[in-house]
Amino acid sequence: TSETSELVLKDQFPGLAGNWHYLDTAATSQKPQVVIDATVAAMGEKYATVHRGVYARSADMTLAFEAARRRVAAFMNAQEDEIVFTRGATESINLVAQSWAATNLKAGDRILLSTLEHHSNIVPWQLLRNGVEIDVCPLTPEGTIDLEAAERMLTPAHKLVAFAHVSNVLGSVLHVEHAARLAHAVGAKLLIDGCQAAPRLALDVQAFDCDFYAFSAHKLYGPTGIGVLWARKALLDQMPPWQGGGSMIDKVTFAETTYAPAPQRFEAGTPNIVEAVGMAAAMDWLSDIGLDRAEKHERDLAGLLRAELRKRNDVTLFGPDDSLGIVSFALEGVHPHDLGTILDEEGVAIRAGHHCAQPLMEHLGVPATARASFGLYSDEQDIEALLKGIERTRRIFG
Ligand code: PMP
């Protein structure tokens, strides 16, 4: 369509040179040159530490670092003192588990997860040692989290509901506001794993009315090694520190140590300065394009691929028809890894495996799926190359 071709941005991405059909954006996105440039400058002529130096370079870097925090806040309609920089979504969720859940939850309390969660929204809760029980909300036949089932399952013993906003396997989208109403009706908090949503949907934590929101920059056209935990300031203020070190303290003595206010209290050690600047550049870039256009692009491409795959009687599609940018499928009689290997010879990169969602694989009754996932740089030629590669695989396997 003309709208999808409007977004052909491949020449901004050095990682896509050489007619490579990169369909693994759900694992990590390629980086536009503006993000690379911002990162290189932050590591080069602008480099210094933050919050400590009295010299001008450090003061400038501190301004850039705190501007990045404001950039993130604007990106998700939050306040800047509600933005905690973490190493990524995984660390954000572990932070909530180790700080909030480890101190606020007790034996007999329950957490509601769903069948489609990524391991990083399962294992941190299993690591809790306070006798908390985990329940698993089932999916609808289409592959979205079944909120009617959630409503039936939730009880006053539930203190937390933790759901993915967009499934990294099925591309299905959660109605966050609805989930928030259900969680709050029983007095539970709602944590949203926004890893796959942040690059594809406009974020508005005020409208979502969730309590925690986590995502990684590297899936959002930004650098690896940095991510975000958002929580309401009042909630962050109640949470104890989880990692100790420099920058997170108010005063240290051997008799007693007091801590900095949030968000600094959760950022022990020298932060990911370069990465924070890179993440802000990525958000500028993405916001200039517009999240509404990103969402449409991702829906159009996923819809197009699903329509093409549906024409084949040897393909099983997983997930809902209106999946967002992510399409999982199986080619009859071919292991996803074999498909992925043959596609690689054709210059097409897909993901084959369990996608860190083993309980979902068990639910789907497969050991693995093939997954094609799109980014803003993806286009119809990528889909054509994938379909050609599937056809060649069919000829090889008979
Ligand atoms: N949740 C979802 C839905 C994801 O797709 C991912 C990344 N595959 C994660 C969490 C974990 O993100 P990270 O590895 O960047 O911490």
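This report describes the fold, a central strand, the ligand shell and selected backbone features of a predicted model.

**Overall architecture**

The protein chain comprises 14 helices and 15 strands. For its 398 residues, a compact globule would be expected to have a radius of gyration near 21 Å, and the value of 22 Å for the chain agrees with this. The C-alpha trace extends over about 75 × 55 × 35 Å along its principal axes. Buried residues account for 48% of the chain. Of the contacts between residues at least 6 apart in sequence, 69% connect residues at least 24 apart.

The UniProt record, an unreviewed entry, lists residues 21-386 as "domain: Aminotransferase class V". Within the model this span is 38% helix and 18% strand, and its end C-alpha atoms are 8 Å apart.

**Strand S8 and its neighbours**

Strand S8 covers residues 227-231, and five of its five residues are buried. In a regular strand, side chains alternate between the two faces of the sheet. In S8, Gly227, Leu229 and Ala231 lie on one side, with Val228 and Trp230 on the other; all are buried, so both faces are covered.

Two antiparallel pairings involve S8. Strand S2 (residues 83-86) is joined to S8 by four bridges, with Val84 partnered by Leu229. Strand S7 (residues 212-216) pairs with S8 over five bridges, and here Phe212 has Ala231 as its bridge partner.

**Ligand shell**

The ligand is surrounded by 14 residues, and the closest are Gly88, Thr90, Asn168, Cys195 and Ser216. By class, this shell contains four nonpolar, nine polar and one charged residues.

**Backbone features in loops**

Two residues other than glycine have a positive phi, as tabulated below.

| Residue | Phi | Loop | Other C-beta atoms within 10 Å |
|---|---|---|---|
| Asn77 | about 55° | between helix H3 (56-75) and S2 | 14 |
| Tyr221 | near 70° | between S7 and S8 | 28 |

How do their surroundings compare with the burial cut-off? A residue counts as buried when 20 or more other C-beta atoms lie within 10 Å of its own, and as exposed at 12 or fewer. Asn77, with 14, is therefore partly exposed, whereas Tyr221, with 28, is buried.

A cis peptide bond, with omega of about 5°, links Ala262 and Pro263. Pro263 is located in the loop between strand S10 (257-259) and helix H10 (273-289).

Terms used. Residues are numbered from 1 along each chain as its sequence is written. This is a predicted model: local features need pLDDT of at least 70, side-chain atom pairs count only at pLDDT 80 or more; totals for chains, interfaces and linings use all residues. A residue is near a molecule or strand if its C-beta atom, placed from the backbone, lies within 6 Å of it. Ala, Val, Leu, Ile, Met, Phe, Trp, Tyr, Cys and Pro count as nonpolar, Asp, Glu, Lys and Arg as charged, and the others, Gly among them, as polar. The radius of gyration is taken over C-alpha atoms; the globule rule is 2.2 Å times the number of residues to the power 0.38. Two residues are in contact if their C-beta atoms, placed from the backbone, lie within 7 Å. Two strands pair if DSSP finds at least two bridges between them. UniProt positions are given in the numbering used here, feature names are shortened, and annotations may be inferred rather than shown by experiment.
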